[in-house]
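Here are my notes from going through the model you sent over. I've numbered the points so you can work through them with the structure open.

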Amino acid sequence: MSDLLDIRNLKKSFGALKATDDVSLTLRAGEIHALIGPNGAGKSTLIKQIAGGLRSDAGSVHFAGRDVTPLSTVARARAGLGRTFQISSLAMEYTVLQNVLLGALGQDGGVMRFFRPIMARNDLRDRAMTALTRVGLESHAAKRTADLSHGQRRQLEVAVALTLSPKVFLMDEPMAGLGASGSQRMTGFLDGLRSEAPILLVEHDMDAVFALADRISVLVYGRVIATGTADEIKADPAVREAYLGEEEEA
Ligand SMILES: Nc1ncnc2c1ncn2[C@@H]1O[C@H](COP(=O)(O)OP(=O)(O)OP(=O)(O)O)[C@@H](O)[C@H]1O
C-alpha cells in the first residue's frame with residue numbers, strides 16, 4: 001500500500017516544553033490511522049503541524065509524494081489535505097447550507113466569487129446538499145447554524161470538509177460532545193469514508209478508535225511510543241503502563 005501522507009521527524013516546542021518530539025508516521029490509502037494519547041500528549045499540535053497552521057521546528061510533511069512542508073494551510077488544503085474545520089470557524093448567523101457553500105468556495109478559490117450570488121450556483125448548491133445529506137443534516141439546511149446542537153455542528157464541520165473533496169482527512173476529535181447515538185452514527189460514517197480518503201483520526205472515544213482504526217499510534221509526552229493494530233496496541237506493555245492501564249484503573 002502506498003503512503004499518501006508521510007510525516008518525518010516533526011518537532012515543535014513551546015519554550016522548554018517539547019509538545020511534539022521527533023514524530024514520524026504514515027497514512028496509507030484506504031486506512032484509518034488513529035492517534036491516541038493522554039491529555040497534553042501533543043496530538044492537536046501534531047495535527048496543526050501537518051495541516052500547516054503551526055510551523056514546525058524541524059521535520060517534514062510529504063503528501064502524495066510531494067514535500068508540502070513550506071506550503072501554507074490554504075495551499076495544503078488546495079492540494080487535498082483536508083482538515084475538519086474548527087466549530088469556531090463556522091459562521092453562526094449564516095444558515096447551515098450557507099456555511100457549507102462558503103466551504104465549497106474554498107476549492108474554487110478566488111475572493112471575487114464571494115461577491116457573486118452563491119446561493120444561485122446550482123453546482124455548488126448540489127455539492128453542498130450532497131455533503132449535508134451524507135452527514136445527515138439535509139433537513140437542517142435552512143436553519144441558522146447558531147440553532148444547531150453541538151453534535152450537529154460537528155457534523156456540519158465534516159460536511160464543510162467533504163465539499164472540498166480532500167485526498168486525505170485530518171480529524172481532531174470528531175466524536176467530542178456527541179452522545180452515544182451520535183458517536184455511533186459518526187463511527188459508521190467515518191467507516192465508509194475511508195475508501196474515499198484515508199483519515200488521520202485524533203480521538204479520545206476508545207470504542208470508536210478500536211472499531212475504526214486499521215492502525216493506532218500512541219503519543220505520550222510528544223513521542224510515538226507504539227504503532228500497530230488495535231490488538232497489538234492493547235497488548236503493548238508500554239502502552240498499558242503509559243495510557244490504557246490508567247483508564248482501566250479509573
Ligand atoms: N500555543 C501554545 N503555547 C504554549 N503551549 C502550548 C500551545 N499549544 C499547546 N501547548 C502545550 O503543548 C502540549 C501539547 O498540547 P496539545 O493540545 O497538542 O495536546 P493534546 O494531546 O491535543 O491534548 P488534548 O487531548 O487535551 O486535546 C500541552 O502541554 C499544551 O499545554
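1. Let's begin with helix H1. Of its 9 residues, 7 are buried, so the rest of the structure largely encloses this helix. The buried ones are Lys43, Thr45, Leu46, Ile47, Lys48, Gln49 and Ile50. Note that two lysines, Lys43 and Lys48, appear in that buried set. Right after H1 comes Gly52, with a positive phi near 105 degrees. Do keep in mind throughout that this is a predicted model.

2. H1 matters for the next item too, the ligand shell. Which element gives the largest share of the shell around the ligand? That is H1, with 3 residues. Strand E2 (17-28) joins H1 (43-51) in supplying at least two residues each. The full set around the ligand is Phe14, Leu17, Ala19, Gly37, Asn39, Gly40, Ala41, Gly42, Lys43, Ser44 and Thr45. By type, that shell splits into 4 nonpolar, 6 polar and 1 charged. Lys43 and Thr45 are worth a click, since they belong to the ligand's surroundings and also sit among the buried residues of H1.

3. On to the sheet that E2 belongs to. It is an open sheet of 4 strands in the order E2-E1-E4-E5, paired antiparallel. E2 and strand E5 (66-67) are at the edges with a single partner strand each, so each has one side without a neighbour in the sheet. Further in, strand E1 (residues 3-14) and strand E4 (residues 58-63) run antiparallel and are joined by 5 bridges. If you want one pair to look at, Asp6 has His62 in E4 as its bridge partner.

4. Two backbone spots deserve a look. Asn9 is not a glycine, yet has a positive phi of about 55 degrees, and it is placed in strand E1. Asn9 has 13 C-beta neighbours inside 10 Å, so it counts as partly exposed. Glu173 is another non-glycine with a positive phi of about 55 degrees. Glu173 is placed in the loop between strand E7 (168-172) and H6, and with 17 C-beta neighbours inside 10 Å it also counts as partly exposed.

5. Now the overall layout. The chain has 250 residues, of which 39% count as buried, and its secondary structure comes to 9 helices and 10 strands. Taking contacts between residues at least 6 apart in sequence, 66% join residues at least 24 apart. The domain assignment gives domain 1 (1-80 + 166-250) and domain 2 (88-165), so domain 1 is written as two segments of the chain. Across the boundary, 10 residues of domain 1 are in contact with 10 residues of domain 2. On the domain 1 side, helix H6 (residues 180-193) gives the largest share, 3 residues, and that side divides into 6 nonpolar, 3 polar and 1 charged.

6. What about the largest nonpolar core? There are 63 residues in it, and the members touching the most others are Ala34, Val100, Leu132, Ala159, Val168 and Leu201. Both domain 1 (1-80 + 166-250) and domain 2 (88-165) give residues to this core, so it lies between them. As background, nonpolar side chains in soluble globular proteins tend to be buried together. For a close-up, take Ala34: leaving out residues up to four places away in sequence, it touches Leu201, Glu203, Val209, Leu212, Ala213 and Ile216.

7. Is Ile199 buried or exposed? With 26 C-beta neighbours inside 10 Å, Ile199 counts as buried. It is found in strand E8 (residues 199-202). Apart from neighbours within four places in sequence, Ile199 is in contact with Ile32, Phe169, Met171, Leu190, Leu193 and Arg194. Ile199 and Ser24 are 175 residues apart along the chain, and their C-alpha atoms are separated by 16 Å.

8. Last one: Tyr94, in the loop between strand E6 (81-83) and helix H3 (96-108). It has 15 C-beta neighbours inside 10 Å, so Tyr94 counts as partly exposed. Not counting residues up to four places away in sequence, Tyr94 touches Asn99 and Thr145. Tyr94 and Gly53 are 41 residues apart in sequence and 25 Å apart in space, C-alpha to C-alpha.

Terms used. Residues are numbered from 1 along each chain as its sequence is written. This is a predicted model: local features need pLDDT of at least 70, side-chain atom pairs count only at pLDDT 80 or more; totals for chains, interfaces and linings use all residues. A residue is near a molecule or strand if its C-beta atom, placed from the backbone, lies within 6 Å of it. Ala, Val, Leu, Ile, Met, Phe, Trp, Tyr, Cys and Pro count as nonpolar, Asp, Glu, Lys and Arg as charged, and the others, Gly among them, as polar. Domain bounds come from an automatic or database domain assignment. Two residues are in contact if their C-beta atoms, placed from the backbone, lie within 7 Å. A nonpolar core is a set of buried Ala, Val, Leu, Ile, Met, Phe, Trp, Tyr and Cys residues joined through C-beta atoms within 7 Å. A residue is buried if 20 or more other C-beta atoms lie within 10 Å of its own, exposed if 12 or fewer, and partly exposed in between; C-beta atoms are placed from the backbone. Two strands pair if DSSP finds at least two bridges between them.
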